[in-house]
Structures are given as C-alpha cells and as structure tokens.
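Hello,

Here is the structure I promised to pass on to you. Below it you will find some notes on what turned up in it.

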Amino acid sequence: MDKAKRKAIIAGNWKMNKTPSEAKALLSEIAPLVRDADCEIIACVPYVDLAAALEATAGTNIKIGAENCHWAESGAFTGEISTGMLREIGAEYVVLGHSERRQYFGETDETVNKRTKAALAAGLKPIVCVGELLWERECNITEEVIARQIKLDLWRVSEEELKNVVIAYEPVWAIGTGKTATADQAEEVCAFIRAQLVKLYNQSAADAVTIQYGGSMNDGNADELLSKTNVDGGLIGGASLVATKFAAIVKAASK
Ligand code: PGA
C-alpha cells in the first residue's frame, strides 16, 4: 500500500498544560487555521479539559483524545479514569504508553498492553507510544527495544482491532529536548515498526497502520519528516501548544 492511502494523523499531546478555559481559547484559535486540512487532526488533552475541548471543537475537523486510561471498567483505583468515562464524555482517541508515563509513573509494557486492549474494547482508538532511550540507541539495541515494545504492547490485539491502533515512534532522547531524530533516523525506525507488524500480522494489515513520529517535531522540520515513506503523521508536544506552529505541521501533513 502506498503512503498516500494511509491516514495522515497529526495529534497534539498537551501533557500537563492548559486549564479548561485556556484549552477552549487555544482550540478556538487552532480551528480556523486547520479548517481545510487534508489529514486527521487530534488534540489529546488533560482529563479536566476534555469537556471544554469537545465543546470548543464541536462541528470542526478536530478530534479530541485523552492522555491515558485505566484498563478496569470501574473500581478502587484512586486517581484513575476508565475507558467508559472517556467514551461517555466523547473522547475518540487516547495516548497510551507515553515515555513520560513509563519513566515517571511506572508504566510497563504489560500495563500498556492492558490499557490498549481495554481502550479498543471500549471503542477508543489508542495511540500507542514506543521509543528507545538514548543509552539504548548508543548501545545499538534500538531495534530490539522497539521490537519488544511492539510485540508486548500489542499482545492479543487482533488484526481487526489493529485497524483502530495508531503507533507513535518517539525516541525518548528527542522528546522535549529540541533534539529531533533526523528524517532518515525516523524513517528507519518507522519502517522497522512496520516490518514488525508484518511479522505479527501480515503485509496488508501492517500497510494500513498509521505510524507517527514524535519528538521535537515542529513547523521547521515537519515537512522533511513527513515526506518519508513510513512517517504517516506526528505526535506533537511543545509545538501543539502554539496555534500557528501546530497549524503549520497540519499543513505539512496535508500535502
Ligand atoms: P515534544 O513532545 O514534541 O515536546 O518533543 C512529543 C511527545 O512527547 O509526544
């Protein structure tokens, strides 16, 4: 399948930024700038911003996602949010396994897998994040790390369910550091991810999956990164908080 047939997806990952009123203001600024985009646009926002974000984007081409979810339907999990809660409020996507969750909150491939399966079962579309640490890249084990994450994070995810999965390749050393992977480095790992999907599923299932690059993607480097065959979109942190920058990345993905 050629790249043009895959869905290009630009997703903002707002992390722990913006209050509900600030979220509303930012989305109202972004919406007119991306109205004519020829790609899917998502803003993944803090839980408490979801209602305001959905209200601000009603009738626009911007979809809303959350930044995590728990795997249980309900229960004694203080501070957690279930897939049913996200569905009812109207979220469509959910970021899972972000390296900040893995680094600071003890997220493992096992819990990423549980969350992924629960999200899919609830009808949410997970954006599953994978990526190597700088040290792992220096030790030349990037491919082993990525292969392991893909295999474990997608364990028992069916071929049918895979259609609703987005994968984000985010080298940990490039996140929030201003150090972007070169377009060739991004392409190399995104192509490797697709090859792993061929092994785990089959060629046509793998060809249909949108694979994003994330890690200091911005209005200056998006064009080159997105021109690569296996880079189908971006997961954008810092630059998603500035309307003009985010819109410029959306424009680059619309070409
Ligand atoms: P960044 O974050 O664009 O600020 O590097 C990307 C991410 O963490 O998803």
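A polar contact here is a pair of N or O atoms within 3.5 Å; within protein, one must be able to donate a hydrogen and the other to accept it, and residues adjacent in sequence count only if both atoms are side-chain atoms. Ser216 offers one through its backbone, with an N or O atom 2.7 Å from a ligand oxygen. Glu170 uses its side chain, again with an N or O atom, at 2.7 Å from an oxygen of the ligand. For Asn13, a polar side-chain atom lies 3.4 Å from a ligand oxygen.

Please keep in mind that this is a predicted model: local features need pLDDT of at least 70, side-chain atom pairs count only at pLDDT 80 or more, and totals for chains, interfaces and linings use all residues. Residues are numbered from 1 along each chain as its sequence is written, and side-chain values use heavy atoms, without hydrogens and water.

Around the ligand there are 13 residues (a heavy atom within 4 Å), and Lys15, His98, Glu170, Gly176 and Ser216 are the closest.

Elsewhere, Leu26, Glu29, Ile30 and Leu33 of H1 meet Ala243, Thr244, Phe246 and Ala247 of H12 (heavy atoms within 4.5 Å; helices are DSSP runs of H or I, at least four residues, numbered from the N terminus).

Happy exploring!

Methods
Helices (H or I, at least four residues) and strands (E, at least two) are DSSP runs, numbered from the N terminus.
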